Amino acid sequence: MPVARPETSDARVIAHVDMDCFYVQVEQRKQPELRGLPTAVVQYNEWQGGALIAVSYEARSCGVKRSMRGEEAKAACPEIQLVQVPVARGKADLNTYRSAGSEVVSILAQSGKCERASIDEVYLDLTDAAESMLADAPPEGLESIDEEALKSHILGMSREDGDDFKESVRDWICRKDADRRDKLLGCGIIIVAELRKQVLKETEFSCSAGIAHNKARSDFFSKLASGMNKPAQQTVVPYAAVEELLSSLPIKKMKQLGGKLGTSLQTDLGIDTVSDLLQFSETKLQEHYGINTGTWLWNIARGISGEEVQGRLLPKSHGSGKTFPGPRALRSLSNVQHWLNQLSEELYERLSSDLEQNKRIASTLTLHASAFRSKDSDSQKKFPSKSCPLRYGVTKIQEDAFNLFQAALREYMGPFGTKPQGNKKETWRITGLSVSASKIVDIPSGTSSIMRYFQSQSTIPSSSESGCPQEHVAMTPSASESCSEQKSAETEAAMPNKDISITDTSPDLDNSYGNMDMVPEKDASCQSSEAKEFPTQSGTQTKTIGRKINNSKEKNRGMPSIVDIFKNYNATPQSQQETREDSTVSLTSNRGNLSSSTNHSSEVNQEVEDRRETEWGYKVGEIDQSVFDELPYEIQREFRSFLRPNKRPNAGKSKGDGSASSSIAHYFSPLKR
DNA sequence: ACGGATACGACG
DNA sequence: TCGTCGTAT
């Protein structure tokens, strides 16, 4: 929800850049034959031709719209080219679009503070760049102005044809008597035109942009401009040009007002347009919508927004989900587990590459599901979300996700969970599942061995995820079946309760929701005592989850969480954040980027003691085993090399030196997870 | 019981 | 803090 922001003196230059029908462009770059043809990207081709998620401008002009089905699109535009979203693990796979988006971000981030707003949108704060241009090379001194800049739309300026128009744009940009704020915007026009050309050149993607002096305006007007049904446009909002343009605008078109709040404005206050909104006093709005939303409303009606551009180039969470509409709804635990396994795999893959490319780790795993209960009054009841500390490793995530699901299911079913051998229709169906990872923090990147690890092993060995004997024990038969191929889904009955039950679900949950036949009971026989050595995790591992869920309720008994650890680290003077945001983030496909940081082999020889105490900002020895268990495998190895420096054989260096890491990996051999 | 998958921020 | 809700694309 919108919230009131402290006002900032607004002489800023903010751009909102929006890729034109992005997914289509990505596909067209892959298949250049499609360029210029009416094209749409579609997912799930089986039902009514799949759902359109991106539509090219050619197709739009045939009347094709997003949220049409493939078949409708064909009807509206018979020659339309439909390209399917890639599928992996039985679900849509958006990775190609994500990394294409990163390509764009890494270009745009070069010229100012940059915020990744979505997979295909960014905000730029170009104030500094514009100011220095105004100081050093103001437009009026230039003998020629970029053609692309001259194509800009200037709101409030009538658009005559051809050269006349460009002349007036030039005049506006170069006007000597302009307000300083508009002069800055003029510089913004030139900078953005340049950036867009660069994006086009380096990625082949075209984009549109809005340029204004705050986020709200640039966003809104870049949308407005792209509503003109033309790609590759840029629009500037002069300082004074707001009121007239805004006031006639239907309230529902404003960002954040497209939903319930906008409707409430209409029905409760009779506000239909921005000018209606202008009639209301700030306090009146606050009375109705609270202090934050109230003042926010008052402000945006006037085009005021103090929101800063966050210097954030990377997503704050990762998620993987799938819906199972109507008849495809999931009816058995084993089927749910199968899909959770698929989703968890994808999530883990993305976490791994985030770790590898950006040196970040996530610390919370959340499960969302949606469900309905047939044959029941309140079949609308929401399926609760559940979260727990995130442990790195595919099978860990899979187990945890499944456990979270079961915990949520118990809660969802409540008293009906106990199935009294009779009315069998009284049961759940799962219509959507998703797992997500959040609370992502930077890890210390100065430590050399992490860097070296990633240099030598550009990919995280998947072998470390399989082959652990205990894992098979922990896996239910139905789970292992469904892993290979989705079974008839009615294997439910064949699932012996006790096999799943390795997991020690928390007593808390067990007791509050009673016994349910479809939810496996705990099995005390499989619990082992705390492991004292690193290499063995199983046994205690599965136990951790239950305890963690429980723990979060009983106030984390003073144990430092992994988040705290890295928070502390990140808080140290060495301010990672800023340096990192500049340009060093390896956003994309360029894998080699890591090497830019310290990786001299000499570091290997530094005194381990010193590092152990200081480098991480806390004492390694104080870390609790279970905290350790949560860490990504690669980081664990890092720790291990601190804790047991003597175990590292000297021979490690003998081999071609400089690449001590591969040998380290070798000596702390197949520590299975 | 469909626009799908995904992300973010506010609120209680 | 967690979980829910709203919003957007």
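A backbone N or O atom of Ser385 sits 2.5 Å from a phosphate oxygen of DNA strand C. Bear in mind that this is a predicted model, and every distance here is computed from it.

Two other residues reach a phosphate oxygen of the strand as well. Lys260 does it with a polar backbone atom, at 2.6 Å, while Lys439 uses an N or O atom of its side chain, at 2.3 Å. Here are the three contacts side by side.

| Residue | Atom on the protein side | Distance to a phosphate oxygen of DNA strand C |
|---|---|---|
| Ser385 | backbone N or O | 2.5 Å |
| Lys260 | polar backbone atom | 2.6 Å |
| Lys439 | side-chain N or O | 2.3 Å |

Which elements give two or more residues to the surface near DNA strand C? They are helix H11 (260-269) and strand S14 (386-389).

Zooming out a little, 18 residues surround DNA strand C, and the nearest of them are Gln256, Lys260, Ser385, Ser387 and Lys439. By type, the surface splits into 8 charged, 5 polar and 5 nonpolar residues. And what does the protein meet on the DNA side, sugar or phosphate, or bases? Of the strand C atoms within 4 Å of the protein, 100% belong to sugar or phosphate.

Now for a sheet. Six strands make up an open, mixed sheet, in the order S7-S8-S1-S10-S11-S9. Its edges are S7 (113-118) and S9 (153-154), each of which pairs on one side only. Further in, S1 (residues 14-19) runs antiparallel to S8 (residues 121-125), and 5 bridges join the two. One bridge partnership there links Asp18 with Glu121 of S8.

Note on methods. Residues are numbered from 1 along each chain as its sequence is written. Chains are lettered from A and ligands numbered from 1 in the order in which they are written. This is a predicted model: local features need pLDDT of at least 70, side-chain atom pairs count only at pLDDT 80 or more; totals for chains, interfaces and linings use all residues. Side-chain values use heavy atoms; hydrogens and water are left out. A residue is near a molecule or strand if one of its heavy atoms lies within 4 Å of it. A polar contact is a pair of N or O atoms within 3.5 Å; within protein, one must be able to donate a hydrogen and the other to accept it, and residues adjacent in sequence count only if both atoms are side-chain atoms. Helices (H or I, at least four residues) and strands (E, at least two) are DSSP runs, numbered from the N terminus. Ala, Val, Leu, Ile, Met, Phe, Trp, Tyr, Cys and Pro count as nonpolar, Asp, Glu, Lys and Arg as charged, and the others, Gly among them, as polar. Two strands pair if DSSP finds at least two bridges between them.
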